[in-house]
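Notebook open, coffee poured. I want to look at a sheet first, then at a pocket.

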Amino acid sequence: MLNIESRNGWYTAVVKVPKKLQPILGKAKFSQALGTTNPREAQRLAAPFIARWKFEIEKARGGHGIAAKAAQEWRTYFTEQAAAIECEPEGARREALEAGMDELRSSFVDQLRSLPEAQADTLAGLVDGSRTLTSEYFEAWKSQLDLAPKTIDQMSRDIALLIERFVTLDGITKEGVLLFLSDLERAGKGPATIKRVLCSYRNYWSYLQDSHVVSIEHDPFDLQRLLAGKFKRAAKKKAQRRAFSPANVVHLWSLAVDRGDQQLADLIVLGAYTGARIEELCSLKGDDVNPESFIVREAKTNAGVREVPIHSALVPLMARLKASTKDGYLLSGLTFNKYGDRSNAIGKRFGRLKESAGFDGTLVFHSLRKTLITLLEQAGIPENFCCDIVGHEKGTIGYGHYSGGASLANKRDAIENVSYPFPDGTVV
């Protein structure tokens, strides 16, 4: 934590000054010889110097983030030294150590006098332990989350905004949170984003309550009643995602072919005739495909794990992809992103393709799923058959809780009712 350097065996405390602040502070770095060759002793002696210099750097910058961290370093130092002094026997050495501590405390108070009163009170509270940094428990909270990595990263970014806005936990009030959310809205954040960040904040606050860091009686994020109407009104204005028409599907496929992106063209056809989610298709392995069907082994829900019949129009394409794979996956050559998804890059390619065709944000790859479901409904296919094909939960008690699902033959007969105006013999 502390910056110490060894010079010929003797330790020196050092903190570099950012270039843009060097003209203000008149130096490129702070340094102080510590008079010891013992690294543990050097860290102990360096603590107050490091804290003071960081404080001065942040004061020159005009902020309080690093100053707050420096104040915590002072608190840690004072706490450790007080414990060490308690172990000292009565005598001149103990008195000297206590006098040194009093001098350091006075030095800290003197530095606070040059700051605005509110900031000075915050930093003083951090040193005496009456206040806690909002960021202090962030890493501990993050480490105990049992969620998908992508979700943890998003929640962490949300909490980072909270930490930036509220330096200490006692500064988080309902009034302050409402103002913060209003600022996010003015910055262009939509209702869905604001609801998401609120969910992240409640999660963090619940962790702090469970850890006895904040009172269980105080919840500055209990704002549902105040915000429910606002979110409801905004939700009505949000455009719903739509289904592609069969002709639009063929148009997108044709554009992908014309651009030489056969892999994307194949993905569009697979989505159109199966209704599978993009990650389900990109995760599909050759071994999961047989002449009549393929198995989705990993899905968002239990209903998503299913056997899907292969439409007769897909048989040649499936055979070609299975025979040509170089990595075992049906769509060969895709790479995983940091969350373990194979669909990220090709999904962006689809997004650029459909935007170039003039389709707006209401039409996405998931719209192919809507297209298939729409065609099945228009063909008079029972809803439970459709649910078993695309992997939707069934709403009824009988089919949803007791049925083993439609047979593969039932599903094959159903899906053969779907057709698109692809040119004959060109899809494969």
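Before counting anything, I noted the rule for pairing: two strands pair if DSSP finds at least two bridges between them. I also kept in mind that this is a predicted model.

**Entry 1, the sheet.** I looked up strand S2, residues 10-16, and found that S2 pairs with S3 in the antiparallel sense over five bridges. Within that pairing, Thr12 sits opposite Ala33 of S3.

Next I checked the strand order. The sheet is open, has three strands and runs S1-S2-S3 with antiparallel pairing. S1 (4-7) and S3 (29-33) are at the edges with a single partner strand each, so one side of each has no neighbour in the sheet. I also looked up the twist: neighbouring strands here are turned by 30° against each other on average, ignoring direction.

**Entry 2, what packs on the sheet.** That turned out to be helix H2, residues 39-61, which touches S1, S2 and S3. I wrote down the angle too: the direction of H2 makes about 20° with that of S2.

**Entry 3, the largest pocket.** How much space lies in the largest pocket? I got about 1,000 Å³. Its lining has 33 residues, and the closest to the pocket centre are Ile278, Glu279, Glu280, Asp341 and Ser343.

Then I asked which elements give two or more residues to that lining. They are helix H7 (149-165), helix H13 (278-282), strand S4 (293-296) and helix H15 (344-356).

Last, I sorted the lining by residue class: 13 charged, twelve nonpolar and eight polar.

How values were computed. Residues numbered from 1 in each chain as written. Predicted model: local features only at pLDDT ≥ 70, side-chain atom pairs only at ≥ 80, totals over all residues. Heavy atoms only, no water. Helix = DSSP H or I, 4+ residues; strand = E, 2+ residues; numbered from the N terminus. Axes fitted to C-alpha atoms, helices over the stretch in contact; angles between N-to-C directions. Contact = heavy atoms within 4.5 Å. 1 Å grid on protein atoms, 1.4 Å probe; cavity = no way out; pocket = protein on both sides within 12 Å on 5 of 7 lines; lining within 4 Å. Points joined across faces, edges and corners; volume = space filled by probe spheres on them. Nonpolar A, V, L, I, M, F, W, Y, C, P; charged D, E, K, R; others polar.
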